[in-house]
Amino acid sequence: MNRKVPHRRAPGLEKHPESPFDALVALLAVVLAGCSISASSVSSWSLSKSSRSSSRSSDSSSSSSPGAAEEAYREDVSDYTRAYVKSGGDFRAFQSDLAKIAQEHGITNWEENPLTYRPSARGSAAPRCRTRS
Amino acid sequence: MRLIPALLLTSLGALPALAAPSRFVDYVYVEANEGGSSGGHAAMRFGDETYHFQHEPGGLLRLHRDDWQHFRDTYGVLENRTMHVSRVAMPALAYEELRRRFNERFLIERRLFEQRETLHDDRALLQLFLARRHGDATVATHLRGAGFFFPEEPNSPASDALVRLRRQVQETYGADVIPRRMDELRHELGRLALPAPTPADVEIPADGYPRFGYAFSRRYRDLTTALAALAALDRALPLRAEACWPATSPELHLAPGERRALAGFADRLAGELTRLLGSDRPDWGFTFLVGMARLAALHESEQTGRFVLLDAFPPDPELVPRSSVRRHPDAMTSAQAEAADEFGRARARLGARAEIDEEDLAAVEAAGNRLLELRAAVAEDRDLRVTASALVPSRDAPWSDLVVPDVTEDALAQSLTRVTAAEQRFAGHLDRRCGYNLVTRNCVSELFHTVDAAHVDLGGRIDPTRSLDFIPFVSARAVNDTWPVAEETTLRSYRRTRLDDMYQRENPFRVWLRECNVLTSTIYPRNADDSLFLFFTDDVVVPRPFFGMANLATGLGAAAAGVPLLPFDGGRTLVAGLRGAVFSLPELAFVNLRKGSFDHVPRETHARMAPPTRADSDIEQEANARP
């Protein structure tokens, strides 16, 4: 069961545009240009990319909390393993995919990396009942 | 096969973490701006990770996962768009189910897009074999990681580090291990079965991870890369000169603690590489090549007392044109300062730990590469390589020593026909699975579909197919009305945050007069990506139509001026003027889309944009205190 938390607006909250007219104009804008074109194609160049990476890999030390990169890797290994086990498939393809995931986190020798075998701090991958009542 | 149970066990651990009573997931609505984002954007945030769907070239929609700070920097700072965050409370189990569903979908889609590349690679490889059979000896493939040692530099002395590694390998596996393994690899390559795609390689399951096999091109490349690695080890090839950064800068001088840490890591790395040769993992060749390159660089660092860093940029990085580098000296200076900070932080990890590991070295490598690349682009007046991905050394090299599988030319041609057909069929399946549709399959609708697929109870279902909820800002209202939102917050755009700051410190009227237009604004420098306009209208309501008229006139005037300029500027002024006119039209009806955007904002400036979201525990405590 979800426990309802009372609605609350933070101080200084701005209201979203929400009149039917606004909706019509936004609809027109969506029709004219669509939404969410890949951000990298919007800006011709972004120096922010030159000093850090966009994912929680080992070279994004600027990002968020300490240990976030390790946790992200462990979550990916955990989520990928569960997904693979559920659907099955070629074991060498599994290893090959795992290698790609590790490289995205800046890890080449995934087989000898203890993080590959360490549980995610959030836990998570345990089988459980679905929460829809 | 023992690997999978071991990894499954890892995912079963740490259940106590789920004992937390509730967690919060953020629904993020990003306001519109001109260009490819005039309809707004939406995302789901789980802690540090942000999931959002983007419209890709080819009319496909794909789930992306970005670090929250990166997402905020891209959309809130560079694209200058205000974000509205609805913080949704849910039980820890439901939160985890939802997070995993998004991550699984991300991994599945990534695999689907990879399969498209794989089928393309299969075809390209078969075409290459046929060309070789027809007598063309010049054809070659590219091998990731081989570029550190190949093409072999003539008359260069053997690498001491690799000579030692070779000895260690021979002591472990026998004196003839290298030629023996190379023969085995060549034999396996010669007997490799040609690709014959089955329905399982082409069809996309409705749900779950796809069961694509270990593709021919992947297998061929893995085996050939292993062959290249053994060839480099056999001859103890030295690193190619251009594979490393020059270690001349004084700040690359190693402190005694760093020197010890690197030497200790080099010893452990040699042991890992020796064991890797006995591993049955199919991709060991690439890891071996990178490991050997690192070993050689570490050895040189130890010898010279200076950091010798491998060039870790990918073979096909994004490039910032030289003209842009030249045009933005301040931005380059500030980016270098940020990169130097990052490099310093990464180096601090070396001295702080008793034993460093691959992640520690990779962090120094990546930060050092970004810093040295920025400096080199300025000093050498050249294009700047950038990448938002993790930097893994992967320098490639052309490889023409190809072992063509021992089959007839007819068999190659038949396989090519089958693979070409499979590639086309898969493209069709991918288009049906991931095709973008303005109304039924956009950045909002897929967020809600993914939530539905997780089967978690959020207090109500949002169905974007039966309402206008597929529009980003309407969807934010639907979330606030339907889900248990504990807090709504606005993260103002970069320009508006700076304005708020100025209003507090200076005369508000003077600030407004100065900052309301692009000519005198001290916050906004003209960005070539933006349309031509005169007044900002995102922070005013009553004067918006009047400003809109001025912007319309500016756009039309620029477009008219752009006509005679066509032969000189390739139509840039004309297009910017016309876009300016188009995006001024909604302003006449009190609606703002355009906000201006930024090429670069120094990190120290936008770091002051403190997120107004409160800690989860504070919101939880306040909710519990209410009757």
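Which residues form one aromatic cluster with A:Y80? The cluster consists of A:Y80, A:Y84, A:F91, A:F94 and B:Y209. The model is predicted, so local features need pLDDT of at least 70 and side-chain atom pairs count only at pLDDT 80 or more, while totals for chains, interfaces and linings use all residues. Residues are numbered from 1 along each chain as its sequence is written, chains are lettered from A and ligands numbered from 1 in the order in which they are written, and side-chain values use heavy atoms, with hydrogens and water left out.

**First stop: A:Y80 and A:Y84**

Select A:Y80 and A:Y84. Rings of Phe, Tyr and Trp (its six-membered ring) pair if their centres lie within 6.5 Å; planes under 30 degrees apart count as stacked, over 60 as edge-to-face and the rest as tilted. By this rule, there are 29 aromatic pairs over all chains. One of them joins A:Y80 to A:Y84, a tilted pair with 6.4 Å centre to centre and 40° between the planes. Both residues belong to helix 4 (residues 68-87) of chain A, where they are four residues apart, about one turn of the helix. Helices (H or I, at least four residues) are DSSP runs, numbered from the N terminus. A:Y80 is buried (under 20% relative accessible area, 1.4 Å probe, protein chains only; exposed is over 50%, partly exposed in between), with a relative accessibility of 0%. A:Y84 is also buried, at 7%.

**Second stop: B:Y524 and B:F536**

Move next to B:Y524 and B:F536, an edge-to-face pair with 5.2 Å centre to centre and 85° between the planes. Both lie in the loop between helix 17 (508-515) and helix 18 (544-569) of chain B, twelve residues apart. B:Y524 counts as buried at 3% relative accessibility, and B:F536 at 2%.

Add B:R495 to the selection: its charged end sits over the ring of B:F536, 3.8 Å from the centre. For such a placement, NZ of Lys or CZ of Arg is within 6 Å of the ring centre and within 35 degrees of the ring normal. Elsewhere in chain B, B:R144 lies over the face of B:F286, at 4.3 Å from the ring centre.

**Third stop: helix 5 of chain A and helix 3 of chain B**

Finally, select residues 91-104 of chain A, which form helix 5, and residues 92-133 of chain B, which form helix 3. These helices pack at about 110°, with axes 12 Å apart. Helix 5 of chain A is therefore roughly perpendicular to helix 3 of chain B (65 to 115 degrees). The contact (heavy atoms within 4.5 Å) brings A:D97, A:K100, A:I101 and A:E104 to B:L107, B:R110, B:R111 and B:E114.

Key. Helix = DSSP H or I, 4+ residues; strand = E, 2+ residues; numbered from the N terminus. Axes fitted to C-alpha atoms, helices over the stretch in contact; angles between N-to-C directions. Parallel < 35°, antiparallel > 145°, perpendicular 65-115°, else oblique.
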